[in-house]
Amino acid sequence: MRQFSYARPDELYEAVHLVEKSRYLAGGTNLIDLMKSDVERPSHVVDLRNLGLNGIKELSDGGLRLGALATNADTAAHPFVVERYPLLASAILAGASPQIRNMATNGGNLNQRTRCHYFYDPDMACNKRSPGTGCSARGGRNRIMAILGTSEDCIATFPSDMCTALAALNATVQISGPSVERTLSVRDYHRMPGDTPWIDNNLQPGEIVTSIDLPPVSFGDHYTYLKIRDRLSFAFAIVSAAVGFQMEEGVIARACLALGGVGTKPWCVPEAEGMLEGNAPSASLFRDVADRLLEGAVTDRDNAPKVKLAPRVIQRALWQAANGTPQSQTFKSIR
Ligand code: SF4
């Protein structure tokens, strides 16, 4: 690891005045790995943990505010989250290991970088790490790579389970910067790679995520987070689906839906949610929704199986949500 200077400010206005080549540190579960691998080389690290951003509180509109520095573990175990947003709690518990969830923060989860193995190897060409060098994953070992939202320059999957649920729930990101405060939908927060794959999201230099707000609609009774991975103990999703329904007399009155493991960002298609609303669950409807979600999928050397696996995961998750049988992340068995 290279030498760097370190600051731990007590006030937000101090932190948002970004020093050139600085990086923000929260739980450190991604940044420290990247620094040890020589992928990130900040000259200055700004530790955000003294800013008081670790609270979780109810909002006046009935929603919930998750502090950016609240840990994933505290968020998943919070009584409001467990009771009102079980889809989110389930997705968080599907991610990483208990030890990592104890350190990882909500803001860090949002801003984590891809787990593409070529990105972590400075000897390999990677447009995301070193713009213009090429993409070793194209035509390489790419079984875990994305099939949706990819470009010629990058096919890296966005790895977060938590963000898949946040996108499904239509959460918003509260942002503070040197001159303005603003709000961005989680669905608009991450960027597809296009021809600038080194820019992961729409956060501007010097801006800090202060919280993530959940809307009042909780999808507390009919939900599931179904994650298929290589090992049940600790692995990123090959394909995952976050689904929430509000059911009225056997009809899906309202639906939320996002995919993980297949896209370069949490994958949402509002039209697919619209197809569900006002209809009773049926095999043909769920097949059509899966087809719509996966429209435009592009495969490379090794990741074609995702195109066959994803419709099955989507349809099973839709049935589980409709039947009110959420995927258990405690036992991590598939029901
Ligand atoms: Fe780099 Fe993206 Fe290609 Fe992976 S997929 S090697 S992150 S450019």
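A biologist questions a modeller about a sheet, a ligand site and a pocket.

Modeller: This is a predicted model, where local features need pLDDT of at least 70, side-chain atom pairs count only at pLDDT 80 or more, and totals for chains, interfaces and linings use all residues. Residues are numbered from 1 along each chain as its sequence is written, and side-chain values use heavy atoms, with hydrogens and water left out.

Biologist: What makes strand 4 and strand 5 a pair?

Modeller: Strands are DSSP runs (E, at least two residues), numbered from the N terminus. Two of them pair if DSSP finds at least two bridges between them. Strand 4 is joined to strand 5 (residues 64-67) by 3 bridges, so the pair meets the definition. Lys57 has Arg65 as its bridge partner, and Ile56 has Leu66. The two strands form a hairpin with 5 residues between them, and Gly62 in the turn has a positive phi of about 95°.

Biologist: Which strand does strand 5 join through 4 bridges?

Modeller: Those 4 bridges lead to strand 8 (residues 208-214), which runs antiparallel to strand 5. One of the partners is Asp213 in strand 8, opposite Arg65.

Biologist: Why are strand 4 and strand 7 said to stand at the edges?

Modeller: The open sheet has 5 strands in the order 4-5-8-6-7, with antiparallel pairing. Strand 4 (56-58) and strand 7 (181-185) each have a single partner strand, so one side of each lacks a neighbour in the sheet.

Biologist: What makes a residue count as near the ligand?

Modeller: One of its heavy atoms must lie within 4 Å of the molecule. There are 13 residues around the ligand, and Cys116, Cys126, Cys135, Cys154 and Ile155 come nearest. The shell has 9 nonpolar, 2 polar and 2 charged residues. Here Ala, Val, Leu, Ile, Met, Phe, Trp, Tyr, Cys and Pro count as nonpolar, Asp, Glu, Lys and Arg as charged, and the others, Gly among them, as polar.

Biologist: How is the volume of the second largest pocket found?

Modeller: A pocket is an open set of points on a 1 Å grid over the protein atoms alone, where a 1.4 Å probe fits, with protein on both sides within 12 Å along at least five of seven lines; lining residues have an atom within 4 Å of a point. Grid points are joined across faces, edges and corners, and the volume is the space filled by probe spheres set on them. For the second largest pocket this gives about 220 Å³. Its 14 lining residues include Arg115, Ile144, Phe236, Ala237 and Ile238, the closest to its centre.
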